[in-house]
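Here is a brisk report on one model. It covers charged pairs, a pocket, a strand pairing and two backbone angles.

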Amino acid sequence: DAKMEFSPTSIEHLKTEEVTFYCNGVSWTEDGRIICAERDGVKIRRAADLRLEKTINIPNANGVISAVQYGASLITKICTEDEYITYLGSLDDPTHHILHRTERESYEESEDDNKEEEDNEESEDDEEAEDREDDESEEEGEDYYTSHVAANENHMAIVDTVNKSLKVYSSITEEHLFDIQHTDFNKPYGVHLTHDDVLVTDLETGILYKYTLTPSPDLIWTCTGLDGAGAVTTDESGFIYVADMEGLIIHIISPSGQ
């Protein structure tokens, strides 16, 4: 097999372009453009050279987490200082209305925690203090209840991390149809819709779940061992790709969950 060489021209272009680039998610439009969920809005880029075509500004957004298109519509999930909001709009009309919202849960230190920390700092050496700071940063990071959204011609799916469920809406009427809630969900994160089924990852347990997309959803199978299971998608053959946020790899899984 001949070794293939790639030139990262697109990465160089994004690094040199004078824009605020803080990309949480990326997806394709039906006409072949690229949707980037960035910190300061949704950016529509040309697929050929990634040049910016337009920006959709979302009011009160501290960051856009995920943005996907279905038909003429655009479903966008953002975070504000107090909550996560999922908007429904379009690629052409900047007007959005709220589809779903959940409050953000933030970590707050108590006075006892602060006093104990000050006492510990006096007695610990530099190495122990550094380890403690890493642990605290990790604990404060519990506020990152970010997650993805998905849509197809019939359904929209939103991961509700606070209530540990998957909310399913109609792409046609926009009404809330049903929830998928599993007792083993710990931190649901990535979601992807096929025609009849839904895939959802659990970031903490490393499990990929596949459910039937019905008001009484049945669990079809689970795939375990995917530590840090993040975003998920499929190709035309039905193979599944899961981004591993811990191992920095992509898992390729068969349509039967192997």
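Is Lys 187 buried or exposed? Lys 187 is buried, because its relative accessible area is 6%, under the 20% cut-off for that class. Bear in mind that the model is predicted.

**Salt bridges**

Lys 187 has a charged partner. Its side chain meets that of Glu 204 in a salt bridge, 3.8 Å from N to O. Glu 204 lies in the loop between strand 14 (197-202) and strand 15 (207-212), and Lys 187 in the loop between strand 12 and strand 13 (188-193), so the pair ties together parts 17 residues apart in sequence. Glu 204 is partly exposed, at a relative accessible area of 48%.

How many salt bridges does a search of the whole structure find? The search returns five. Among them are these three.

| Pair | Closest N and O atoms | Apart in sequence |
|---|---|---|
| Glu 83 and Arg 101 | 2.5 Å | 18 residues |
| Glu 204 and Lys 187 | 3.8 Å | 17 residues |
| Lys 210 and Asp 197 | 3.7 Å | 13 residues |

Take Glu 83 and Arg 101, whose closest N and O atoms are 2.5 Å apart. Glu 83 sits in strand 7 (residues 83-90) and Arg 101 in strand 8 (residues 97-103), so this salt bridge links parts that are 18 residues apart in sequence. Glu 83 is buried, with a relative accessible area of 18%. Arg 101 is partly exposed, at 43%.

Now take Lys 210 and Asp 197, which form a salt bridge at 3.7 Å. Lys 210 belongs to strand 15 and Asp 197 to strand 14, so the pair ties together parts 13 residues apart in sequence. Both Lys 210 and Asp 197 are buried.

**Strand 13 and its partner**

Why is strand 13 described as largely enclosed by the rest of the structure? Six of its six residues are buried, so the description follows. Strand 13 and strand 14 run antiparallel and are joined by four bridges. Val 191 stands opposite Val 200 in strand 14. The two strands form a hairpin, with three residues between them.

**The largest pocket**

Strand 13 also contributes to the largest pocket, supplying at least two residues of its lining. So do strand 1 (25-28), strand 5 (63-70), strand 9 (149-151), strand 17 (229-234), strand 18 (240-244) and strand 19 (249-253). The volume of the largest pocket is about 1,000 Å³. Its lining counts 41 residues. Which of them lie nearest the centre? They are Val 26, Ser 27, Val 68, His 192 and Thr 233. By residue class, the lining divides into 21 nonpolar, 15 polar and five charged.

**Positive phi**

Most residues other than glycine have a negative phi. Two residues here are worth a look against that background.

Lys 164 is not a glycine, yet its phi is positive, at about 55 degrees. Lys 164 lies in the loop between strand 10 (155-160) and strand 11 (165-170). Lys 164 is partly exposed, with a relative accessible area of 34%.

Glu 174 also has a positive phi, near 70 degrees. Glu 174 lies in the loop between strand 11 and strand 12 (176-181). Its relative accessible area is 32%, so Glu 174 is partly exposed.

Key. Residues numbered from 1 in each chain as written. Predicted model: local features only at pLDDT ≥ 70, side-chain atom pairs only at ≥ 80, totals over all residues. Heavy atoms only, no water. Buried < 20%, exposed > 50% of the residue type's maximum accessible area, 1.4 Å probe, protein only. Salt bridge = Lys/Arg side-chain N within 4 Å of Asp/Glu carboxyl O. 1 Å grid on protein atoms, 1.4 Å probe; cavity = no way out; pocket = protein on both sides within 12 Å on 5 of 7 lines; lining within 4 Å. Points joined across faces, edges and corners; volume = space filled by probe spheres on them. Nonpolar A, V, L, I, M, F, W, Y, C, P; charged D, E, K, R; others polar. Pairing = 2+ DSSP bridges.
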